[in-house]
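Trainee: Please take one part of this model and examine it closely, with the criteria behind each term.

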Amino acid sequence: MINEICDCSSGPLELNGSIYCGLGFGCNNDCILCVANISEKRENMSTSQMVAYFDRLIDNKNLTIQISGGEPTIRGDFLYLMEYLSVNAPQITKVLLSNGRRFSNTDFTAKVAAYPPVCVLVPLHSYRPALHDMITRRQGSFNETVLGIRNMLEYKIIVIPKIIVNKLNYQLVPDFVEFVAQTFPECKAVGVDTMDLLGSAGANKETLKIKHTESAPYIQKAIDVAQKYGLHISVIYMPFCLVEEKYRKFISADQFIVMYKDPRDEREKGSLTKERGTVEACGKCKYVGECPGTWYSYFREFGYDELKPIYD
Ligand code: SF4
């Protein structure tokens with residue numbers, strides 16, 4: 001992935017790969033596990049700044065834009081920006097990361113469907129409404145998100161529900177996959193994210209943090225459930241050495257972006273920091289280079305003792 005910033009200040013950007021674009025810092029949820037810190041009051045880039053940024057990308061032939069936030073759909077100009085990008089750069093692939101709540105409105109869903117993203121990644125923190133709402137800190141958010149997913153599917157928008165594994169839900173991950181398979185049979189894929197302990201997630205880490213060695217057996221069971229239903233499943237940032245060999249092919253890096261960066265902060269710093277991956281403790285493990293490792297925020301919390309480099 002290219003960690004390009006939403007920089008509207010200069011000429012064309014020639015890029016290949018995937019860029020992350022945060023449309024705004026606000027959200028209609030306030031998730032305790034959000035890697036952003038939406039309670040910080042920050043000013044969004046304006047419509048004209050976003051358009052200027054998109055204009056810099058328009059000539060790219062092989063580019064995916066991951067549109068996120070905060071919650072991108074709550075911007076008043078969200079539909080305009082999606083249309084602008086689709087009309088002016090139809091060859092650019094748009095992936096939307098959204099909590100799905102605005103799609104509970106069918107009129108809004110229909111308008112997005114006119115210029116649809118290639119898929120929408122929707123976090124669902126549990127199949128249990130009370131637990132989901134406890135994590136989002138918004139009563140009724142589960143029902144809106146589920147209705148939003150249903151509406152998107154009605155309008156033929158591809159949806160990938162995903163769960164962010166933490167201490168409150170790790171034992172429920174297999175049943176979450178079962179829930180997705182049974183409730184949304186039109187969904188072809190489901191995501192399982194390990195958690196980056198930054199932002200609100202870092203502030204709430206005592207409630208949320210779970211060792212990978214404890215969650216891995218449940219993630220493996222979730223993969224079994226997905227396979228039972230023929231559902232594609234992708235687990236991100238789980239070290240290969242913590243799962244049985246047959247499950248490693250379901251683990252990847254960066255397929256579903258959970259990283260949050262304020263582009264302007266990064267511009268001020270002048271360079272991007274690598275915040276996840278394998279580490280020195282991996283030594284000469286044969287999977288270095290292939291294995292995604294995990295979040296550095298995780299290593300800072302739990303150290304490296306769980307890693308079991310593989311040499312054969
Ligand atoms: S030791 Fe490191 S490279 Fe090897 S499987 Fe574990 S995390 Fe991946």
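Mentor: Angles between axes of 65 to 115 degrees count as roughly perpendicular, under 35 as roughly parallel, over 145 as roughly antiparallel, and the rest as oblique. The model is predicted: local features need pLDDT of at least 70, side-chain atom pairs count only at pLDDT 80 or more, and totals for chains, interfaces and linings use all residues. Numbering starts from 1 along each chain as its sequence is written.

The part I choose is helix α4, residues 129-136, which packs with helix α5, residues 141-154, at an angle of about 105°; helices are DSSP runs of H or I with at least four residues, numbered from the N terminus. Their axes lie 8 Å apart, as lines fitted to C-alpha atoms over the stretch in contact, with angles from 0 to 180 degrees between N-to-C directions. The two helices are therefore roughly perpendicular. On the α4 side, the contact is made by Pro 129, His 132, Asp 133 and Thr 136, and on the α5 side by Ser 141, Phe 142 and Asn 143 (C-beta atoms, placed from the backbone, within 7 Å). These residues divide into 2 nonpolar, 4 polar and 1 charged (Ala, Val, Leu, Ile, Met, Phe, Trp, Tyr, Cys and Pro are nonpolar, Asp, Glu, Lys and Arg charged, the others, Gly among them, polar).

Within α4, the buried residues are His 132, Asp 133, Ile 135 and Thr 136 (20 or more other C-beta atoms within 10 Å of the residue's own, all placed from the backbone). They cover an arc of only 160° around the axis, which places them on the same side of α4; the arc is taken over directions from the helix axis to the C-beta atoms. The buried residues of α4 pack against α5. Just after α4, Arg 137 adopts a positive phi of about 60°.

Technical notes
Contact = placed C-beta atoms within 7 Å. Buried ≥ 20, exposed ≤ 12 C-beta atoms within 10 Å, placed from the backbone.
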